[in-house]
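Work through the exercises below with the sequence and the model at hand, and try each task before reading its solution.

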Amino acid sequence: MAQFIDDKKRELSDKLEQSDAPDKLQQVESSFRKVMKELFAEMKTLPNEEKKDVGAAINEFKKEFEERIAAAKKKIAELSKNTAAVDLTVPSPEFIRGKIHPLIRVGRMFEEVYKEMGFSIAYGPEIENDKHNYEMLNMPYYHPARDMQDTFYLEYPKVLLRSHTSCVQVRYMLEHKPPFMIISPGVVYRVDEIDPQHTPCFYQVEGLVVGEGINLANLKWAVTESVKRVFGPEYKVKFSPCYYPYTEPSAAVDMGCIMCGGKGCRTCKGTGWMRVAGAGMVHPNVFEAVGYSRDTVGFAFGWGLNRLPMLYFKINEMRKLFENEISLWEQL
Ligand SMILES: [Zn+2]
């Protein structure tokens with residue numbers, strides 16, 4: 001039995017000496033456990049007078065190897081740690097730096113321009129109620145103009161995803177008295193089919209200026225000036241009569257199509273112009289709804305922000321703004 005223990009000891013010792021990696025060490029450890037099991041089983045078959053000495057020898061074997069295996073484990077762990085710390089030749093993983101999305105970039109350019117002009121920024125919730133989104137904006141439930149904004153309802157007919165950021169203007173007016181100048185940037189939702197100029201979720205930046213003596217000329221200046229400051233002084237802007245229930249008179253704002261230089265193309269639907277904003281003098285019914293006098297004067301405008309990065313970066317389709325096309329983003 002003593003000879004058998006010595007043989008096993010030598011065998012395991014050799015294997016342990018050669019274990020320079022965690023997987024090899026694990027094999028030695030499992031062989032060691034197996035040997036221990038065998039030895040204890042063998043010991044039980046011995047006569048009682050021999051059991052004491054053999055038991056002591058096995059326990060000594062067990063203790064010695066447990067210590068040696070633990071030491072070997074520690075050594076391998078330290079070795080791998082040190083190797084990683086000093087190997088300066090290992091190439092670092094590739095780091096891809098992100099960029100701010102073109103929509104947000106152009107949105108912030110406009111925000112900066114309006115802040116320079118003295119506007120402050122107001123935010124509101126994206127889940128709205130019918131009152132703020134339609135009713136107080138001169139669109140009672142029977143108003144046909146509601147059909148112009150095909151709306152996502154969460155709980156028909158009262159709770160909806162806001163179809164414009166004009167509801168932020170309503171909320172602001174309910175809590176503030178004129179004079180003030182605000183812009184309200186944010187996401188809005190409409191049930192629109194995707195085409196080169198439409199997506200069901202898009203960004204708007206709306207502006208509202210209320211105060212004594214505010215007139216249409218002020219509106220024209222603010223809108224034109226913001227385009228010139230972002231796009232350049234030579235940029236063309238066109239105002240044409242239009243209808244919105246919450247403004248009177250109302251105007252549509254178009255910018256010259258940068259893709260075709262005004263000749264007409266698929267992006268501008270052959271017109272040479274792109275509709276980028278709606279504007280007008282705030283309707284007295286809106287002022288009345290928020291508790292102001294009907295004589296109050298002010299103007300409002302609203303940019304469909306998605307079209308502006310298309311023009312700014314010359315992207316011919318709006319949906320590209322929402323596709324993860326890395327090669328496009330790298331060029332912008
Ligand atoms: Zn065009």
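**Exercise 1: the two sides of a helix**

The buried residues of α7 are Leu219, Val223, Ser226 and Val227, where buried means that 20 or more other C-beta atoms, placed from the backbone, lie within 10 Å of the residue's own, and exposed means 12 or fewer. Helices here are DSSP runs of H or I with at least four residues, and strands are runs of E with at least two, numbered from the N terminus. This is a predicted model, in which local features need pLDDT of at least 70, side-chain atom pairs count only at pLDDT 80 or more, and totals for chains, interfaces and linings use all residues. Residues are numbered from 1 along each chain as its sequence is written.

Task: work out on which side or sides of α7 the buried residues lie, and what covers them.

Solution. Step one: Leu219, Val223, Ser226 and Val227 are the buried residues of α7, and they cover an arc of only 95 degrees (taken from the directions from the helix axis to the C-beta atoms), which puts them on the same side of α7. Step two: on the other side of α7, Ala217 and Trp221 are exposed. Step three: the cover over the buried residues includes α4 (102–117) and the strands β7 (237–244), β8 (247–256), β9 (273–282) and β10 (298–304).

**Exercise 2: the length of the helix**

Task: compare the expected span of α7 with the distance between its end C-alpha atoms.

Solution. The 16 residues of α7 (residues 216–231) should span 22 Å at 1.5 Å a residue (1.5 Å times one less than the number of residues), and because the end C-alpha atoms are 23 Å apart, the two values agree. Just after α7, Gly232 takes a positive phi of about 125 degrees.

Definitions and conventions. Contact = placed C-beta atoms within 7 Å.
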